[in-house]
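Here are my notes on the model you sent over. I've kept them as numbered points so you can go through them with the structure open.

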Amino acid sequence: MDHTPIVKGVNSLRASLSKKDLEYWHESNAVSPINIHFVFIPKRRKAVLVGKIAERLQEIIFEVVTENRWKVIALEIVPDRVH
């Protein structure tokens with residue numbers, strides 16, 4: 001996975017869904033077809049996700065993704081929300 005910083009105005013990392021993205025995820029004790037759409041909105045939808053804050057948030061997201069061996073299909077960080 002490419003962890004290139006995406007902080008440039010509207011920050012987005014987008015990938016088109018491949019057939020492999022829709023396959024089952026095989027673990028030692030489970031098989032599952034899980035896709036989650038995660039949305040984070042700061043309190044009162046304040047536009048605080050900019051600059052170094054957006055960069056750090058992206059780093060944290062990728063750290064958690066890597067720790068859990070998940071895959072990011074799309075990530076968009078804009079000043080007032082994360083998708």
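**Notes on the predicted model**

1. Let me start in the middle of the chain. R45 lies in the loop between β3 and α1. Its phi is near 50°, a positive value in a residue other than glycine. R44 is found in that loop too, between β3 and α1, and R44 also has a positive phi, of about 55°, although it is not a glycine. Where they part ways is accessibility: R44 counts as exposed, at 68% relative accessibility, whereas R45 is partly exposed, with a relative accessible area of 42%. Please have a look at the backbone here.

2. What does the side chain of R45 pair with? R45 forms a salt bridge with D80, and the closest N and O atoms are 3.0 Å apart. This pair links distant parts of the chain, with R45 in the loop between β3 (31-32) and α1 and D80 in the loop between β4 and β5 (81-82), 35 residues apart. The structure holds four salt bridges. R45, D80 and R81 are joined into one network by salt bridges that share partners.

3. V39 is worth a look as well. V39 lies in the loop between β3 and α1 and is partly exposed, with a relative accessible area of 38%. Leaving out residues up to four places away in sequence, V39 touches V82 and H83. V39 and R81 are 42 residues apart in sequence, yet their C-alpha atoms are 7.2 Å apart in space.

4. Before going further, a word on confidence, since this is a predicted model. The protein averages a pLDDT of 78, and 73% of the residues score at least 70. Which elements sit at the two ends of the scale? Among the elements, helix α1 (residues 51-67) has the highest mean pLDDT, 93, and strand β1 (residues 11-14) the lowest, 52. Over residues 1-10 the pLDDT is below 50, although this stretch has 22 contacts in the model beyond near neighbours in sequence. I'd read that part with care.

5. Now the overall layout. The protein has one helix and five strands, and from the N terminus on the elements run β-β-β-α-β-β. Take contacts between residues at least 6 apart in sequence: 70% of them join residues at least 24 apart. Of the 83 residues, 22% count as buried. The accessible surface comes to about 6,600 Å², and carbon and sulfur atoms account for 58% of it.

6. What makes up the largest nonpolar core? It has ten residues in all: L49, A54, L57, I61, F62, V65, V72, L75, I77 and V82. The elements that give two or more residues to this core are α1 and β4 (74-78). Helix α1 gives the most, with five residues. V82, one of the residues in this core, is also one of the residues that V39 touches.

7. Helix α1 has charged pairs as well. The side chains of E59 and R56 meet in a salt bridge, at 3.2 Å from N to O. Why can these two pair up along the helix? E59 and R56 are three residues apart in helix α1, so about one helical turn separates them. R56 also meets E63 in a salt bridge, at 3.5 Å from N to O.

8. Are the residues of these helix pairs buried, partly exposed or exposed? R56 counts as partly exposed, at 39% relative accessibility. E59 is partly exposed, with a relative accessible area of 42%, and E63 is partly exposed as well, at 40%.

9. Last, the nonpolar side chains on the outside. W25, I60, V64 and W70 form a nonpolar patch on the surface, with about 340 Å² of accessible area together. I60 has its place in helix α1, and this residue is partly exposed, with a relative accessible area of 36%. So α1, which includes I60 of the surface patch, is also the element that gives the most residues to the largest nonpolar core.

How values were computed:
Residues are numbered from 1 along each chain as its sequence is written. This is a predicted model: local features need pLDDT of at least 70, side-chain atom pairs count only at pLDDT 80 or more; totals for chains, interfaces and linings use all residues. Side-chain values use heavy atoms; hydrogens and water are left out. pLDDT is the predictor's confidence in each residue, from 0 to 100. Helices (H or I, at least four residues) and strands (E, at least two) are DSSP runs, numbered from the N terminus. Contact means heavy atoms within 4.5 Å. Buried means under 20% relative accessible area, exposed over 50%, partly exposed in between (1.4 Å probe, protein chains only). Accessible areas come from the Shrake-Rupley method with a 1.4 Å probe; for residues, only the protein chains shown count as cover. A nonpolar core is a set of buried Ala, Val, Leu, Ile, Met, Phe, Trp, Tyr and Cys residues joined through side-chain atoms within 4.5 Å. Patches are made of residues with over 30% relative accessible area and no salt bridge: like charges are joined within 9 Å, nonpolar side chains (Val, Leu, Ile, Met, Phe, Trp, Tyr) within 5 Å.
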